[in-house]
Amino acid sequence: MTKQRVQDTSHLLNQLLTSRPAYTERWLRHAKRAGGSVNQSAVAKVFDVYMFDSGEGEFPSSRVLKDRISRALSGTVLTPQTLNWFIGAFGMPESDAIRLRETLNGHTSLPPGISHTLRTQTKLARPQRHRTISLMERYVFGPTGTLSTRHTRQMIRAAEDGVESYIFNHEPEVQAINVLQGGRLGRRFEYGEGLKGVEIVLETPLNTSQVAALEYDATFRDSLISPTQVRRAAYARAEQFSLTVQFSEQRKPREAWWCVWDDHFAHRPLEERPVDLRKNSLVHFLPYFEQAVVGFRWGW
């Protein structure tokens, strides 16, 4: 086991535990204070619950266990057994378990991140004071090929004290926005060339390194037009990005491409590569992207 593999796996493990709401909520309930980094004592308590519920008979003593957790999260020592305990204790699905084990074994095939492809700086409604540490977006198209909904789940981390809101930039065709978790709707903004935004006021203001989980839906008005692309921009760094475009069985693309653009409204992509439809969906994952516009385009 090389030192670099251990450090890479530790970095990924820390990212998952601070960016996936299901994992974060599991250790936060045992933490005495909230913060941006993983609370090792809280993780040890998650392990204790897992050991008791699973009947694991070869768990080490509490002192040894805390030491192994500390070494794993710091990237000093991480054995396959300890990694399996993390996977079991946090109920990780097969997708995350495979990524962690492949990284530790040196077999990872994660796609590279994308950065600094924008040719101009977009003027924002206000300076961005947070970083996105997890972002999952799903676009849903109906049976006539029109865009129905856009569902977003994300975790943000404050880059400075006093972060009170997040601005969701969206398409002009959005009819309604519903915040499901993490805040309430506030002021609305309009940008040049047709982009619009709405403020999501956080339930609790964040200080530096504190995190918040957001979940919200955008519903689109009826249209006779069938879009042939979706795009997502990141100006500051966004990590753990997953984009899904789901189509109806009644109308699916005949061909599709994953694309990178140098502007939100540019016609021609900088890069593109063909992608296959999987169970009526286009899916792509990036470990990070920043100062870039990415997405899918397709032909009906």
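How many bridges join β3 to strand β8, and which way do the two run? Hold on to that one for a minute while I set the scene.

Okay, hi everyone. What you have up there is a predicted model, so keep that in mind as we go. The protein has six helices and 14 strands. Its C-alpha trace spans about 65 × 40 × 35 Å along the principal axes. For 300 residues, a compact globule would have a radius of gyration near 19 Å, and this protein comes in at 21 Å, which agrees. Of those 300 residues, 46% count as buried. And if you take the contacts with a separation of 6 or more, 73% of them come from residues 24 or more positions apart.

Right, back to the strands. Nine bridges join β3 to β8, residues 211–220, and the two run antiparallel. If you want a pair to look for, find Arg150, whose bridge partner in β8 is Ala218.

β3 also pairs with β2, residues 130–141: there we get 11 bridges, antiparallel again. Look for Arg131 here, because it's a fun one to click on: its partner in β3 is Arg157. Between β2 and β3 the hairpin has five residues, and in this hairpin Gly145 takes a positive phi near 90 degrees.

Now, the inside. As a general point, nonpolar side chains in soluble globular proteins tend to be buried together. Here the largest nonpolar core has 40 residues, and the ones with the most contacts inside it are Val245, Trp258, Phe289 and Trp298. β8, our strand from the opening question, gives the most to this core, with five residues. Let's zoom in on Val245. Skipping its neighbours within four places in sequence, Val245 is in contact with residues including Tyr139, Phe141, Leu282, Phe296 and Trp298. There's also a second, separate core of 29 residues, and Leu16, Leu17, Trp27 and Leu65 are among them.

Trp27 takes us to helix α2, residues 21–28. Which residues of α2 are buried? They're Pro21, Tyr23, Thr24 and Trp27. Looking down the axis of α2, these buried residues fall within an arc of 160 degrees, so they line one face of the helix. The general idea is that an α-helix has 3.6 residues a turn, so residues three or four places apart point the same way. And what do the buried residues of α2 pack against? Three helices, α1, α3 and α6, plus the strand β3.

Last thing, the outside: the protein exposes about 15,400 Å², and carbon and sulfur atoms supply 47% of that. That's my tour, thanks!

Methods
Residues are numbered from 1 along each chain as its sequence is written. This is a predicted model: local features need pLDDT of at least 70, side-chain atom pairs count only at pLDDT 80 or more; totals for chains, interfaces and linings use all residues. Side-chain values use heavy atoms; hydrogens and water are left out. Buried means under 20% relative accessible area, exposed over 50%, partly exposed in between (1.4 Å probe, protein chains only). Helices (H or I, at least four residues) and strands (E, at least two) are DSSP runs, numbered from the N terminus. The arc is that of the directions from the helix axis to the C-beta atoms. Contact means heavy atoms within 4.5 Å. Two strands pair if DSSP finds at least two bridges between them. A nonpolar core is a set of buried Ala, Val, Leu, Ile, Met, Phe, Trp, Tyr and Cys residues joined through side-chain atoms within 4.5 Å. The radius of gyration is taken over C-alpha atoms; the globule rule is 2.2 Å times the number of residues to the power 0.38. Accessible areas come from the Shrake-Rupley method with a 1.4 Å probe; for residues, only the protein chains shown count as cover.
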